[in-house]
Amino acid sequence: MRNFIYAILAIISLIALWLFMAPSAPKTSVVAFVASPDLTTNIEPKAAIETADYHWQIQSGKIIGPQQIEVPQNETLLLSFISDVPDEVHLHGYEQAVQINANEPATLRVRLEHSGRFELETHRLHRVISVLEVEPR
């Protein structure tokens with residue numbers, strides 16, 4: 001019985017170590033997309049970037065990433081996404097969106113000109129993935 005308990009503790013320890021030391025998503029060059037204000041025209045690529053300030057991963061309906069972001073007004077954010085299914089992520093209040101192709105990174109660059117609380121939402125899943133709180137300067 002004692003050996004069984006030691007084996008269970010060893011397995012739990014290994015799982016905890018793996019979760020703590022698991023590698024993050026590799027840094028890749030991605031293309032930022034910015035939608036037109038009415039969201040009905042095609043999204044066109046902007047300048048390539050090296051890294052993103054915030055990153056979300058959507059897999060099997062599960063969203064991994066920050067649930068809330070607090071930043072000062074007039075900052076520029078790079079929001080990076082990858083999903084196992086095609087989707088669109090929309091930043092309410094700024095009326096900007098990025099189209100995500102399955103298993104391809106996509107990035108949204110946002111200049112935070114307005115203060116307030118804004119939801120970042122997926123359109124296919126119809127879920128709020130994060131709340132952006134922009135504090136006035």
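**A tour of rings and strands**

Begin by selecting W56, which is buried, with a relative accessible area of 0%. The model you are looking at is predicted, and a later stop on this tour deals with its confidence values.

Keep W56 selected and add F81, which at 0% relative accessibility also counts as buried, because this value is under 20%. The structure holds two aromatic pairs, and W56 and F81 form one that is stacked, with 5.2 Å from centre to centre and 15° between the planes. Now colour the strands around these two rings: W56 lies in strand β3 (residues 54-59) and F81 in strand β6 (residues 76-83), so the pair ties together parts that are 25 residues apart in sequence.

Next, select Y94 and F118, which form an aromatic pair that is edge-to-face, with 4.9 Å centre to centre and 70° between the planes. Y94 is found in the loop between β7 (87-91) and β8 (96-100), whereas F118 belongs to strand β10 (residues 116-122), so this pair links parts that are 24 residues apart in sequence. Is Y94 buried or exposed? At 11% relative accessibility, Y94 counts as buried, and F118 is buried too, with a relative accessible area of 11%.

From F118, follow strand β10 to its partner: β10 and β11 pair in the antiparallel sense over seven bridges. At one place along this pairing, T122 stands opposite R127 in β11. The two strands form a hairpin with four residues between them, and if you click on H126 in the turn you will find a residue with a positive phi of about 55°.

Stay with β11 and turn to another of its neighbours. Strand β5 (residues 68-72) and strand β11 (residues 127-135) pair in the parallel sense over five bridges, and within this pairing you can select E70, which stands opposite E133 in β11.

For the last stop, colour the chain by pLDDT. The mean pLDDT of the protein chain is 78, and 73% of its residues reach 70 or more. Which element has the highest mean pLDDT, and which the lowest? Among the elements of the protein chain, β10 has the highest, at 95, while strand β2 (residues 44-49) has the lowest, at 40. Finally, select residues 25-52, where the pLDDT is below 50; this stretch nevertheless has 53 contacts in the model beyond near neighbours in sequence.

Terms used: Residues are numbered from 1 along each chain as its sequence is written. This is a predicted model: local features need pLDDT of at least 70, side-chain atom pairs count only at pLDDT 80 or more; totals for chains, interfaces and linings use all residues. Side-chain values use heavy atoms; hydrogens and water are left out. Rings of Phe, Tyr and Trp (its six-membered ring) pair if their centres lie within 6.5 Å; planes under 30 degrees apart count as stacked, over 60 as edge-to-face and the rest as tilted. Buried means under 20% relative accessible area, exposed over 50%, partly exposed in between (1.4 Å probe, protein chains only). Two strands pair if DSSP finds at least two bridges between them. pLDDT is the predictor's confidence in each residue, from 0 to 100. Contact means heavy atoms within 4.5 Å.
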